[in-house]
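Got your viewer open? Let's take a walk through this one, selecting a few things at a time.

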Amino acid sequence: MERWEDLQSRLFHLGHLGEELEYFATDRRRGAWLYRQIAVEAFKAAEVADAYAQESFTAESFLGGDQ
């Protein structure tokens with residue numbers, strides 16, 4: 001699993017891509033590239049976040065949380 005710092009880096013990169021929308025959205029070709037990059041990066045970040053969520057849930061269940 002990626003380190004949480006890597007997830008944080010991915011999220012910051014997504015924020016940077018979001019800031020670029022203003023400049024790319026007016027050009028369809030460049031805009032399509034940016035939207036694709038955002039989708040790819042968001043998917044990767046979601047996978048990592050889901051892995052952390054599953055690990056947290058498993059650890060909590062194992063340790064007897066919510067009793």
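Start by selecting Asp27 and Arg30: these two form a salt bridge, with their closest N and O atoms 3.4 Å apart. Before you go on, keep in mind that this is a predicted model. Color the pair by accessibility and you'll find Asp27 partly exposed, at a relative accessible area of 30%. Arg30 is partly exposed too, with 42%.

Keep Arg30 selected and add Phe24. The charged end of Arg30 sits over the ring of Phe24, 5.2 Å from the ring's centre. So Arg30 is a good place to linger: it has a salt bridge with Asp27 and a ring under its charged end.

**Zoom out**

Now show the whole chain as a cartoon. What does the protein chain hold in the way of helices and strands? You'll count two helices and zero strands. Of its 67 residues, 15% count as buried. Take the contacts between residues at least 6 apart in sequence: 58% of them join residues at least 24 apart.

**Helix H1**

Next, select residues 4-24, which make up helix H1. Its 21 residues reach 30 Å from the first C-alpha to the last, close to the 30 Å expected at 1.5 Å a residue. Which residues of H1 are buried? Pick out Leu7, Arg10, Leu14, Leu17 and Phe24. You've already met Phe24, the ring beneath the charged end of Arg30.

While you're on this helix, click His16, which also belongs to H1. His16 counts as partly exposed, at 39% relative accessibility. Draw a distance from its C-alpha to the C-alpha of Ile38: the two are separated by 9.9 Å, though they sit 22 residues apart along the chain.

**Arg10 and its partners**

Now go back to Arg10, in helix H1, and show Glu41 along with it. Their side chains meet in a salt bridge, at 3.6 Å from N to O. This pair links distant parts of the chain: Arg10 is in H1 while Glu41 is in helix H2 (residues 28-63), 31 residues away. Are these two buried or exposed? Both Arg10 and Glu41 are buried. For Glu41, the reason is a relative accessibility of 11%, since buried means under 20%.

Add Glu2 to the selection. The side chains of Arg10 and Glu2 are joined by a polar contact of 2.8 Å. Together, Glu2, Arg10 and Glu41 are linked in a network of salt bridges. As a general point, side chains of opposite charge can pair when their charged atoms come close.

Widen the view around each partner, leaving aside residues up to four places away in sequence. Arg10 touches Glu2, Glu41, Lys44, Ala45 and Val48. Glu41, over in H2, touches Arg10, His13, Leu14 and Leu17. Two of the names around Glu41, Leu14 and Leu17, were on the buried list for H1.

**Last stops**

Select Asp6 and Arg3 for one more charged pair. Their side chains meet in a salt bridge at 3.3 Å, N to O. Asp6 counts as partly exposed, with 29% relative accessibility.

How many salt bridges are there in the end? The count comes to five, including Asp6 with Arg3, Arg10 with Glu41 and Asp27 with Arg30. To finish, highlight the aromatic rings and look for a pair: the structure holds one.

Notes: Residues are numbered from 1 along each chain as its sequence is written. This is a predicted model: local features need pLDDT of at least 70, side-chain atom pairs count only at pLDDT 80 or more; totals for chains, interfaces and linings use all residues. Side-chain values use heavy atoms; hydrogens and water are left out. Rings of Phe, Tyr and Trp (its six-membered ring) pair if their centres lie within 6.5 Å; planes under 30 degrees apart count as stacked, over 60 as edge-to-face and the rest as tilted. A charge sits over a ring if NZ of Lys or CZ of Arg is within 6 Å of the ring centre and within 35 degrees of the ring normal. Helices (H or I, at least four residues) and strands (E, at least two) are DSSP runs, numbered from the N terminus. The expected span of a helix is 1.5 Å times one less than its number of residues. Buried means under 20% relative accessible area, exposed over 50%, partly exposed in between (1.4 Å probe, protein chains only). A salt bridge is a side-chain nitrogen of Lys or Arg within 4 Å of a carboxyl oxygen of Asp or Glu. A polar contact is a pair of N or O atoms within 3.5 Å; within protein, one must be able to donate a hydrogen and the other to accept it, and residues adjacent in sequence count only if both atoms are side-chain atoms. Contact means heavy atoms within 4.5 Å.
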